[in-house]
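Hi everyone, thanks for making the time. I'd like to walk you through one model today, so please have a look at the screen.

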Amino acid sequence: MYIGSSIFLIALGAILAFALAPGLIPFLDQQMTGYILMVVGVIGLIASLIMAAPRRRLRTTESRQATDPGTGEAVTHRETRDTGL
């Protein structure tokens, strides 16, 4: 469920719960249906925001140092990796 559909469910639930005259739809409890739609919309909105949030990344840096046998120079090799959660 995306943010737009969650907001739509919240708006539709508010219309059913508060704006329409009671008993307009005889076979449906409008107020309870409106409250249910609003709760589902809020849950969907929270879930959408959590899923859309940037995730923390773990950066691993590894460093190795060795001596080149031909020249005798110190050689440093650094490797950085990003791992997502």
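Let's begin with contacts along the chain. If we take contacts in the protein chain between residues at least 6 apart in sequence, 39% of them join residues at least 24 apart. Please keep in mind that this is a predicted model.

Now for the overall layout. How many helices and strands does the protein chain have? There are two helices and two strands, and reading from the N terminus the order is α-α-β-β.

And the overall dimensions? The C-alpha trace of the protein chain spans about 90 × 15 × 15 Å along its principal axes. The radius of gyration tells a matching story: the protein chain has 28 Å, where a compact globule of 85 residues would be near 12 Å.

On to the surface. Of the 85 residues, 13% count as buried. The accessible surface of the protein chain is about 6900 Å², and carbon and sulfur atoms account for 65% of that. For those of you who think in charges, the chain carries 7 positive and 6 negative ones, and their mean positions lie 4 Å apart.

Let's zoom in on the loop between the two helices. Helix H1 covers 3-19 and helix H2 covers 30-52, with Pro26 in the loop between them. Is Pro26 buried or exposed? Its relative accessible area is 75%, and the cut-off for exposed is over 50%, so Pro26 counts as exposed. Here is a distance to keep in mind: Pro26 and Thr60 are 34 residues apart in sequence, and their C-alpha atoms are 63 Å apart in space.

Leu20 sits in that loop between H1 and H2 as well. With a relative accessible area of 31%, Leu20 is partly exposed. Which residues does Leu20 contact, leaving aside neighbours within four places in sequence? Those are Ile15 and Gln30. We can also look across to Gln31, which is 11 residues from Leu20 along the chain, with 9.0 Å between their C-alpha atoms.

Next, helix H2 itself. Why do we say its length agrees with expectation? H2 has 23 residues, and at 1.5 Å a residue they should span 33 Å; the end C-alpha atoms are 32 Å apart, so the two values agree. Its buried residues are Gln30, Gly34, Met38, Gly41, Gly44 and Ser48. And what covers them? The cover includes H1. Gln30, then, turns up twice: Leu20 touches Gln30, and Gln30 is one of the buried residues of H2.

Last stop, the strands. Thr76 is in strand S2, residues 74-84. Thr76 has 42% relative accessibility, so this residue counts as partly exposed. Not counting residues up to four places away in sequence, Thr76 touches Ser63, Arg64 and Gln65. Compare that with Ile43: Thr76 and Ile43 are 33 residues apart along the chain, and their C-alpha atoms are separated by 51 Å.

That's my tour, thanks for listening, and I'm happy to go back to any part of it.

Notes: Residues numbered from 1 in each chain as written. Predicted model: local features only at pLDDT ≥ 70, side-chain atom pairs only at ≥ 80, totals over all residues. Heavy atoms only, no water. Helix = DSSP H or I, 4+ residues; strand = E, 2+ residues; numbered from the N terminus. Rg over C-alpha atoms; globule rule 2.2 N^0.38 Å. Buried < 20%, exposed > 50% of the residue type's maximum accessible area, 1.4 Å probe, protein only. Contact = heavy atoms within 4.5 Å. Areas by Shrake-Rupley, 256 points an atom, 1.4 Å probe, with all protein chains shown as cover. Lys, Arg positive; Asp, Glu negative; His and termini not counted. Charge placed at Lys NZ, Arg CZ, Asp CG, Glu CD. Expected span 1.5 Å × (residues − 1).
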